[in-house]
Amino acid sequence: MKKNLFLMIYVGLFLFLPFNAEAQTPAKILKDATKALGSKKDVKAVDSWQKKGLIIRLKDGASGEVLIQAAKPTFYNSVFDIKGFESEVGYNGKSGWIRDSREGLRTFTGDESEDFKAEVFYRNWQWIDYKKQKAKIRGEGTIIVDGIATNVVTLTNTKGVPIKLYFDAKTDLLRREEIRTGDKTQVFEYGDYRPINGVQEAFLMNTMIDGEKYAVKFDQILHNQPIANAEFNFPKLSDQPLPDIPQLLKELQANQDEIEKILEDYTYKQQIIKRELEDDGKLRVTESETFQLSFYEGYRIQRLIAKDGKPLSANEQKDADEDAQKRVREIAKEVAKEEKKNVSQGSDGTPDGDGRKISIAEVLRASKLINPRREVLKGRDVVVFDFEPDPNFDFKNAKSFLKFFGKTAGVMWIDEQDKQVARIEAELFDSFKVGGGLLAKLRKGASFTLEQDRINDEIWLPTLADINLSVRVLLFGGVKVNQEIKSFDYEKFKTEVIDAKVDELKDQE
């Protein structure tokens, strides 16, 4: 009898476990969740949506109107007003912002910005095409939430931003979301699903905002209604006049020219940290290199000094020093050629060689600056612009780096006193071909963040860069680049990098 009982249990486990394991894979959970919403075709056909209704603050029962709306590819806006307390967030495809009656209005930066971008993308596209977006999914198991069996899946984008999703194990409908915003986690709970144009929509939502609990009851949900882009723009709350843009660009260029003169008196360290998004959705450091940076004739010279946080060996450092010296000689030779050409052709003497600093003023002249506003960044007054390519600029015949910016859009912070760019966040909205597509192609969605600080009250130098891109290299397939670049240990000195050999090269030209 015991043997028969054990045999029955064994056979039962053998038959049950493989089916159960397959049913609980995160891919299967998301697939079933899509079916629960409606047909995949109908779900993907929703290019915009608007939700209007009543929001109730649970602690005192106070209520007001709420509007939440989104439009593909990356537009989003949510606003409510309860007895004079207003709260609003928005993303216009270039920058995200937040305002409320207590803390005012500001543009998202740093982790908050990346987290909000991830949320906006999710609001528009959900989990439907996570494979195309190169997102990672991870099953967190089945748990009981409010007495209901719930399947949990974490969806992580290429920048390592997670969104945790909870699905009813019986209906497969979304019951809860946990979305990170900086150092906080927003929680949204859903119920009362009804079909709208063949797609199930939740007419009840509970959420928590800044520690306050709210209940939202939607009375109207619309799909694919026209929504003007202006609905998502940064609100204009001040009539304070902004700088004249042409004059600002002129001052930016003049200031950059001044910086070029004193740049060669500075050196600093720069650490390049390479990261990789692993299957568990975590960004992990794979390797790092630290360089000593200096400048000569406006060109950057990198000297490797450490790998993975450890100093180079004596032989490795010798090789790195020789590479840096070789680079100096190459620059001197190139500069000598340019000088000779300028004398014969009457050129303005401004080479556009590899390693030379890009002129931000040139980039801005090729851009259309919109949504100007005043803010404070790191205690300094800044003017903030969203930017996109200027349709009247001749990108076809422009320099290569300007052609790249002809396919980017983002937001820029300009220090109002020093007329220097303090921060840039940008994204590639279309693929960019390197070498006409013969060498490589950067895929759309590539993004980068650059930040500068004022050093020694006289010069602005880079402090942080974050680069995330996917590039298809000819004959080598796809390559992903995820890097954080930190600059530090700024020192002022009077460089004497031109040795006798370099002078000889100049004389030979």
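Let's start with helix α4, residues 110-125, in this predicted model. Its 16 residues, at 1.5 Å each, should span 22 Å, and the end C-alpha atoms are 23 Å apart, so the two values agree. Quite a few of its residues are buried, including Phe116, Val120 and Tyr122, and so are charged ones such as Glu114, Asp115 and Lys117. Right after α4 comes Gln126, with a positive phi near 50 degrees.

**The nonpolar cores**

Which residues touch the most other members of the largest nonpolar core? They are Tyr76, Tyr122, Trp127, Phe167 and Phe218, out of 47 residues in that core. Helix α2 (residues 26-37) gives the most to this core, with 5 residues. Apart from it lies another core, of 30 residues, with Phe385, Phe405, Val421 and Leu428 among them. As a general point, nonpolar side chains in soluble globular proteins tend to be buried together.

Take a look at Trp127. Beyond its neighbours within four places in sequence, Trp127 is in contact with Leu30, Ala33, Thr34, Leu37, Tyr122, Leu155, Leu165, Phe167 and Leu174.

**Rings that pair up**

The whole structure holds 16 aromatic pairs. Here are two of them.

| Pair | Distance of centres | Angle of planes | Type |
|---|---|---|---|
| Trp127 and Phe167 | 5.2 Å | 85 degrees | edge-to-face |
| Tyr268 and Tyr490 | 5.3 Å | 45 degrees | tilted |

Why does the Trp127 and Phe167 pair tie together separate parts of the chain? Trp127 lies in the loop between α4 and β7, while Phe167 is in strand β9 (residues 162-168), so the pair joins parts that are 40 residues apart in sequence. Trp127 and Phe167 are both buried.

The other pair links distant parts too: Tyr268 is in strand β14 and Tyr490 in strand β26, 222 residues apart. Tyr268 is buried, at 3% relative accessible area, whereas Tyr490, at 22%, counts as partly exposed.

There's also an aromatic cluster made of Tyr76, Tyr91, Phe108 and Phe116.

**Charges over rings**

Some rings have a lysine for company. The charged end of Lys72 sits over the ring of Trp125, 4.4 Å from its centre. Lys51 lies over the face of Phe218, at 5.8 Å from the ring centre.

**A buried histidine**

Finally, meet His223, in strand β13 (residues 212-223). Is His223 buried or exposed? With a relative accessible area of 6%, His223 is under the 20% cut-off, so it counts as buried. Its side chain makes a polar contact of 2.7 Å with the side chain of Glu201. His223 also touches Val46, Ser48, Trp49, Ile196, Asn197 and Val199, leaving out residues up to four places away in sequence.

Conventions: Residues numbered from 1 in each chain as written. Predicted model: local features only at pLDDT ≥ 70, side-chain atom pairs only at ≥ 80, totals over all residues. Heavy atoms only, no water. Helix = DSSP H or I, 4+ residues; strand = E, 2+ residues; numbered from the N terminus. Buried < 20%, exposed > 50% of the residue type's maximum accessible area, 1.4 Å probe, protein only. Polar contact = N/O pair within 3.5 Å; in protein donor to acceptor, adjacent residues only side chain to side chain. Contact = heavy atoms within 4.5 Å. Core = buried A, V, L, I, M, F, W, Y, C linked by side-chain atoms within 4.5 Å. Expected span 1.5 Å × (residues − 1). Phe/Tyr/Trp six-rings, centres within 6.5 Å; stacked < 30°, edge-to-face > 60°. Lys NZ or Arg CZ within 6 Å of the ring centre and 35° of its normal.
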